[in-house]
Amino acid sequence: SKFDFSNILDFCTQLETLKIIPSHSPSCDSKEEFLQQLVGPVGNSNILASTLNFELSPFNSVKNLEFIGIVPMNVDCNARSRELCENFTVNYTRAQNIQNILNPESIHNNSITDEKWTSVKEANFSFNDIWQLDTALKLIPNVETLILDGNRLRNIANLRQLVKLSYLSLNNNLIEDLTGWCMEIGNIQTLNLAGNKISKLAGIAKLRSIKSLDLSCNLITKFEEID
């Protein structure tokens with residue numbers, strides 16, 4: 001009986017939260033320090049997290065899915081995972097755009113498939129190397145909360161197709177210019193732009209639905225901009 005694997009598989013099918021992280025000490029002073037830590041072997045083993053492949057087919061009930069430092073290309077997210085997942089987190093990877101995270105297998109054929117994450121309401125893609133919000137955002141059509149803190153974004157795009165998006169966090173990116181943002185995020189209620197390089201706010205002056213706005217640690221020098 002000690003070799004019977006069926007009880008483990010049964011346990012996996014009932015899990016609602018799955019978190020994969022190849023480290024026992026995720027707290028570091030910086031993103032680069034943490035990423036450097038992930039390059040080495042796991043614990044005292046010779047296992048390299050960047051070379052591991054993850055098959056999620058046994059996990060048929062997962063609603064909260066979190067990858068920390070795991071290469072999205074190495075994860076096989078089956079149709080069931082995409083259908084049920086409500087909270088999706090991918091942090092501390094070298095992903096450069098949304099396609100790298102939501103549809104990495106299509107990168108080689110230069111196309112975006114229709115395999116949508118239809119139940120995702122909160123997507124947290126913080127602390128990656130994302131510099132572009134590409135058309136792969138259409139794969140999370142029902143997302144309400146999108147967190148992109150600590151990336152390399154200078155502007156936004158393809159957000160108007162996310163009609164249910166009400167919370168957007170872009171803390172600690174490289175944003176300077178907000179021109180045209182009203183056209184992209186007209187339904188936003190909470191907007192976090194702290195820790196960027198913003199000096200003028202004209203681009204978000206017509207956001208009538210906004211209720212909470214964080215502009216701390218930017219380059220705003222005139223109260224007229226707040227007016």
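What percentage of the chain's 227 residues count as buried? The figure is 42%, where buried means under 20% relative accessible area, exposed means over 50%, and partly exposed is anything in between (1.4 Å probe, protein chains only). Keep in mind that this is a predicted model: local features need pLDDT of at least 70, side-chain atom pairs count only at pLDDT 80 or more, and totals for chains, interfaces and linings use all residues. Residues are numbered from 1 along each chain as its sequence is written, and side-chain values use heavy atoms, with hydrogens and water left out.

**Overall build**

- The chain has six helices and 10 strands; these are DSSP runs, numbered from the N terminus, with helices (H or I) needing at least four residues and strands (E) at least two.
- The radius of gyration is 19 Å, which agrees with the value near 17 Å that a compact globule of 227 residues would have. That radius is taken over C-alpha atoms, and the globule rule is 2.2 Å times the number of residues to the power 0.38.
- Lined up along the principal axes, the box filled by the C-alpha atoms is roughly 75 × 35 × 35 Å.
- Take the contacts (heavy atoms within 4.5 Å) between residues at least 6 apart in sequence: 42% of them join residues at least 24 apart.

**Surface and charge**

- About 12500 Å² of the chain is exposed, and carbon and sulfur atoms supply 50% of that. The areas come from the Shrake-Rupley method with a 1.4 Å probe, and for residues only the protein chains shown count as cover.
- There are 20 positive and 26 negative side chains, and the centres of the two sets sit 5 Å apart. Lys and Arg count as positive, Asp and Glu as negative, while His and the chain ends are not counted; each charge is placed at NZ of Lys, CZ of Arg, CG of Asp or CD of Glu.

**Aromatic rings**

- Rings of Phe, Tyr and Trp (its six-membered ring) pair if their centres lie within 6.5 Å; planes under 30 degrees apart count as stacked, over 60 as edge-to-face, and the rest as tilted. By that rule, the chain has four aromatic pairs.
- One of them is F67 with F88, an edge-to-face pair with 6.0 Å between the centres and 90° between the planes. F67 belongs to strand 3 (residues 64-68) and F88 to strand 5 (residues 87-91), so this pair ties together parts 21 residues apart in sequence.
- F88 also pairs with W117: their centres are 4.4 Å apart and their planes are at 15°, so this pair is stacked. W117 is in the loop between helix 4 (99-102) and strand 6 (122-124), 29 residues from F88.
- F67 and F88 are both buried, and W117 is buried too.
- Put the ring pairs together and you get a cluster of F67, F88, W117 and F125.

**Spots in the loops**

- P58 sits in the loop between strand 2 (54-55) and strand 3, and it is partly exposed, at 24% relative accessible area.
- Although P58 and L9 are 49 residues apart in sequence, their C-alpha atoms are 6.6 Å apart in space. Setting aside neighbours within four places in sequence, P58 is in contact with L9, C12 and T13.
- Most residues other than glycine have a negative phi. N158, not a glycine, has a positive phi of about 60°; N172, also not a glycine, has a positive phi of about 55°.
- N158 lies in the loop between strand 7 (145-147) and strand 8 (167-169), and is partly exposed at 24%.
- N172 lies in the loop between strand 8 and helix 5 (181-184), and is partly exposed at 44%.
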